[in-house]
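Trainee: Could we go through this one together? I'd like to know how the labels get decided.

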Amino acid sequence: MKINIKSNKIKKTSAAIFAALLLFVGTSCSKSPIMTDPPPLEDVKDEFISLIEASAEINDILFGEGLPVHKRDGSDEDKQIYVDMTEYLDDYEVVREDSKYLTIEDIKISAEKVYSKEYLEPIYEMVFVGYADDISGVTTAKYIEWDTWIYKSMSYEPLITSARTYDYDTMKMITPSSEDFVNIEIESSLEGEKMTVVLSFTLTDDGWRLDTPTY
């Protein structure tokens with residue numbers, strides 16, 4: 001497993017640039033389906049709704065505040081965890097033992113029940129490995145594993161702070177759609193602002209999966 005540790009010379013990538021990268025990821029995963037008849041919306045609507053609902057938790061883990069941690073400036077019990085810890089982990093805090101996810105593999109298993117692997121692959125690279133460009137330098141991984149523990153970066157700035165809600169009664173299938181790739185249009189709301197969005201779903205061996213972000 002690749003682990004990126006922050007050094008004093010590493011810069012943080014701005015949230016704006018990171019968000020632009022995520023937008024690119026979403027659009028680059030879009031497909032041009034072969035023109036076959038899509039399934040009736042009523043046959044897949046419940047599954048699509050379940051995926052959208054489940055995506056809120058995954059979005060928070062990957063792009064939001066993320067997993068709970070033992071704060072370095074927290075209680076005395078929390079602080080004791082960091083006594084004699086290697087300085088290479090100075091920018092990270094230990095994920096709490098009562099977290100639903102205790103390994104990176106745990107996160108991936110749940111994420112892949114919601115999103116397609118093709119969509120997640122570049123997200124994994126940014127969240128679990130890190131990212132570099134010529135403009136902003138290097139941003140380190142949001143999560144790393146070290147000595148059986150999972151850690152979350154203290155310098156990570158959440159890209160989302162609230163969950164988008166959807167009016168499922170407005171869901172309608174749009175073109176292009178096919179038997180294994182469906183685009184839907186649906187009304188949504190984020191922090192009081194209403195917006196009509198398009199979401200894509202791809203049919204995998206394990207069922208339908210989101211192929212675009214829902215945040």
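**Salt bridges and cores**

Mentor: Sure, start with glutamate 185 and lysine 172, whose side chains meet in a salt bridge at 3.5 Å, N to O. This is a predicted model, where local features need pLDDT of at least 70, side-chain atom pairs count only at pLDDT 80 or more, and totals for chains, interfaces and linings use all residues. Residues are numbered from 1 along each chain as its sequence is written, and side-chain values use heavy atoms, leaving out hydrogens and water.

Trainee: Why is the pair of glutamate 185 and lysine 172 called a salt bridge?

Mentor: The term needs a side-chain nitrogen of Lys or Arg within 4 Å of a carboxyl oxygen of Asp or Glu. Their N to O value is 3.5 Å, so the pair fits that rule.

Trainee: What does the pair of glutamate 185 and lysine 172 tie together?

Mentor: Glutamate 185 sits in strand β7 and lysine 172 in strand β6, so parts 13 residues apart in sequence are tied together. Strands here are DSSP runs (E, at least two residues), numbered from the N terminus.

Trainee: Is glutamate 93 buried or exposed, and how do you know?

Mentor: Buried means under 20% relative accessible area, exposed over 50%, and partly exposed in between (1.4 Å probe, protein chains only). Glutamate 93 has 5%, so it counts as buried. Its salt bridge partner is lysine 71, which at 39% is partly exposed.

Trainee: And what about lysine 172, how is it classed?

Mentor: Lysine 172 has 44% relative accessibility, so it counts as partly exposed.

Conventions: Helices (H or I, at least four residues) and strands (E, at least two) are DSSP runs, numbered from the N terminus.
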